[in-house]
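Work through the exercises below with the sequence and the structure side by side. Each one sets a task and then gives a solution that goes step by step.

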Amino acid sequence: MADQETGAGIDASPPKRSRAGRNLPAAIIVGALLSGMLVGTLLFAPRFWVLILAVATPLATHEITRRLREIGYDVPFIPLALGGQAMLWLSLPFGARGVLGAFGATVVIAMMWRLVDQGLQHTPVNYLRDMSATVLIAVWVPLCMSFAALLVFRDDGPGRVLCLLFPVVFSDIGGYGVGVLFGKHPMAPAISPKKSWEGFAGSMVLGVAAAVFAVTVFLGRPWWVGLPLGLLLVITGVFGDLIESQVKRDLGIKDMGRLLPGHGGIMDRLDALLPSAVVTWIVLTVLP
């Protein structure tokens, strides 16, 4: 057994973690503070939702680009960061057209930036690999984040955002709780060993229930709209988590960052929300 104390008598044992691998007290405190801030913003100053996204986007982008650079990738952060801001803020006056235009410009500028960065007189090294990673980041973070911004610009915008947040958060709670208590059958052991089919069932039950509640209370829509919304958000949320887990396995890391105690980095908290924002915008735009 490892020593529990240093020579000075100070406890040097690592913080206790839950069966799911989290520092649970820290995760609960940070989660509660973030949830309170987001709900308060949506209730009293909904347009500041875009400002929150505009702060989170470059932080998440930097986490990924920094991790990629640690293993030799050359991903241009500056055009990704500036392009991400353009996608978010152009969504305010121009909607989806502004997002699409800014995304296209971001990719084109990043392609040129990477070429010029190594010098036009020299043959770029690993250009295809690095640009593939760059486009992935542009889609994964700022483009998906822009769909979360598009949700808030309607008269019922705060309710639409809550229809994104409630199912994703409660799906995570259901999956975590049921998985810790009853999880026995691994869902994707090669990617995320702690995820279980029992946890997925818990996510499905609580996530769909939260979606039904959200669409009826926050939007005044028929309860059945919450069924496809909840179902799709649980699926995209789980796969969003698995996708980030696979990327981290490729990179050989546990967390993208350390900014949020008990959660890891910004990307470790946004992994389920990013693809779910796209699905929420589609469902609430298409369904009556």
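**Exercise 1. Find how many salt bridges the structure holds, and work out how Glu70 is placed relative to its partners.**

Solution. Step one is the total: in this predicted model, the structure holds 10 salt bridges. Step two is to look at Glu70, which forms a salt bridge with Arg66, their closest N and O atoms being 3.4 Å apart. The cut-off for such a pair is 4 Å, and the distance of 3.4 Å meets it. Glu70 also pairs with the side chain of Arg67, here with 3.3 Å from N to O.

Step three asks where these residues sit in the chain. Glu70 and Arg66 belong to helix α2, which covers residues 48-70, and because they are 4 residues apart they are separated by about one helical turn. Arg67 and Glu70 lie in helix α2 as well, 3 residues apart, again about one turn of the helix. The general rule behind this step is that an α-helix has 3.6 residues a turn, so residues three or four places apart point the same way.

Step four compares the surroundings, for which you need the limits: buried means under 20% relative accessible area and exposed means over 50%. Glu70 has 47% relative accessibility and therefore counts as partly exposed, and Arg66, at 32%, is likewise partly exposed. Arg67, at 16%, counts as buried.

**Exercise 2. Which parts of the chain does the salt bridge between Asp172 and Arg269 tie together?**

Solution. Begin with the contact itself: the side chains of Asp172 and Arg269 meet in a salt bridge, with 3.4 Å from N to O. Next, place each partner: Asp172 lies in helix α6 (residues 157-182) and Arg269 in helix α9 (residues 266-270), so the pair ties together parts that are 97 residues apart in sequence. Finally, check the accessibility, which is 29% for Asp172 and 25% for Arg269, so that both residues count as partly exposed. Elsewhere, salt bridges that share partners join Asp74, Arg114, Arg129 and Asp130 into one network.

**Exercise 3. Compare the expected span of helix α7 with its end-to-end distance, and then describe what surrounds the helix.**

Solution. Helix α7 covers residues 197-218, and at 1.5 Å a residue its 22 residues should span 32 Å; its end C-alpha atoms are 30 Å apart, which agrees. Now turn to the buried residues of α7, among them Gly202, Met204, Val208 and Ala211. What covers these buried residues includes α6, β2 (192-196) and α8 (226-251). After α7 comes Gly220, whose phi is positive, near 65°.

The unreviewed UniProt entry lists several spans as "transmembrane region", including residues 98-116 and 200-219. In the model, residues 200-219 are 95% helix and 0% strand, with end C-alpha atoms 27 Å apart. Residues 98-116 are 100% helix and 0% strand, and their end C-alpha atoms lie 27 Å apart.

**Exercise 4. How many residues does the largest nonpolar core have, and which helix gives the most to this core?**

Solution. The largest nonpolar core has 48 residues, and those with the most contacts inside it are Trp49, Ile64, Trp140 and Met267. Helix α5 (residues 127-150) gives the most to this core, with 12 residues. To follow one member outward, take Ile64: leaving aside residues up to four places away in sequence, Ile64 touches Ile137, Trp140, Val141, Met256 and Met267. A second, separate core of 11 residues includes Cys163, Ala211, Leu219 and Leu284.

**Exercise 5. Count the disulfides, and decide whether Cys144 and Cys163 are buried or exposed.**

Solution. A pair of cysteine sulfur atoms must lie within 2.5 Å to be counted, and by this rule there are 0 disulfides. Cys144, at 11% relative accessibility, counts as buried, and Cys163 is buried too, with a relative accessible area of 0%.

Definitions and conventions:
Residues are numbered from 1 along each chain as its sequence is written. This is a predicted model: local features need pLDDT of at least 70, side-chain atom pairs count only at pLDDT 80 or more; totals for chains, interfaces and linings use all residues. Side-chain values use heavy atoms; hydrogens and water are left out. Helices (H or I, at least four residues) and strands (E, at least two) are DSSP runs, numbered from the N terminus. Buried means under 20% relative accessible area, exposed over 50%, partly exposed in between (1.4 Å probe, protein chains only). UniProt positions are given in the numbering used here, feature names are shortened, and annotations may be inferred rather than shown by experiment. The expected span of a helix is 1.5 Å times one less than its number of residues. Contact means heavy atoms within 4.5 Å. A nonpolar core is a set of buried Ala, Val, Leu, Ile, Met, Phe, Trp, Tyr and Cys residues joined through side-chain atoms within 4.5 Å.
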